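Welcome, and please take a moment to look over the model before reading on. The notes below walk through it one topic at a time.

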Amino acid sequence: MRMRNALFLGIPSIILLVAAIFVLGIFLIKWFWMWTIPELFPGAVASGAVAEHISWWTALKLSVLVALLAAITNISKN
């Protein structure tokens, strides 16, 4: 038996895959920011120039930016 749509919800599996990658990217960016930025730039965090934590909205925007940059890089290779 061949499953045409993921989870039988009528949603193509590629859309679910892209959504999962974005959600994973958001969590990874949020975790990476909280882990590295205070360690690498403690003076900037202490002075308020760089936020120690980022919001979910900012993490989403950064995830989209990273995905676009990766797509441009892959397109320009060909």
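## A tryptophan in the first helix

Let's begin with W35, which sits in helix α1, a helix spanning residues 13-40. Its relative accessibility is 54%, so W35 counts as exposed, given that the cut-off for exposed is over 50%. Please keep in mind that this is a predicted model.

W35 also has company at the surface: together with L24, L28, W31 and F32, it makes a nonpolar patch of about 600 Å².

## The overall fold

Stepping back, the protein chain has three helices and zero strands, and reading along the sequence gives the pattern α-α-α. Of the 78 residues in the chain, 14% are buried. The chain exposes about 6400 Å², and 73% of that area comes from carbon and sulfur atoms.

How much of the contact network joins residues at least 24 apart, counting contacts between residues at least 6 apart in sequence? The share is 48%.

## Two aromatic pairs

If you enjoy looking at rings, the structure offers two aromatic pairs. F27 and W56 make an edge-to-face pair, with 5.2 Å from centre to centre and 75° between the planes. This pair links distant parts of the chain, since F27 belongs to helix α1 and W56 to helix α3, 29 residues apart. Both partners are partly exposed: F27 has a relative accessible area of 46%, and W56 has 49% relative accessibility.

The other pair brings us back to W35. W31 and W35 are stacked, with 5.4 Å between centres and 10° between the planes. These two tryptophans both lie in helix α1, four residues apart, which is about one turn of the helix.

## Two buried hydroxyl residues

Is T36, the residue in helix α1, buried or exposed? With a relative accessible area of 9%, T36 is buried, because buried means under 20%. A polar atom of the T36 side chain lies 2.7 Å from the backbone oxygen of F32, and F32 is one of the residues that make the nonpolar surface patch.

S63 tells a similar story in helix α3, which covers residues 56-77. S63 has a relative accessible area of 6%, so it is buried. Which residues does S63 contact, leaving aside its neighbours within four places in sequence? They are F22, G25, I26 and I29.

Note on methods:
Residues numbered from 1 in each chain as written. Predicted model: local features only at pLDDT ≥ 70, side-chain atom pairs only at ≥ 80, totals over all residues. Heavy atoms only, no water. Patch = residues over 30% accessible without salt bridge, like charges linked within 9 Å, V, L, I, M, F, W, Y side chains within 5 Å. Areas by Shrake-Rupley, 256 points an atom, 1.4 Å probe, with all protein chains shown as cover. Salt bridge = Lys/Arg side-chain N within 4 Å of Asp/Glu carboxyl O. Buried < 20%, exposed > 50% of the residue type's maximum accessible area, 1.4 Å probe, protein only. Contact = heavy atoms within 4.5 Å. Polar contact = N/O pair within 3.5 Å; in protein donor to acceptor, adjacent residues only side chain to side chain. Phe/Tyr/Trp six-rings, centres within 6.5 Å; stacked < 30°, edge-to-face > 60°.
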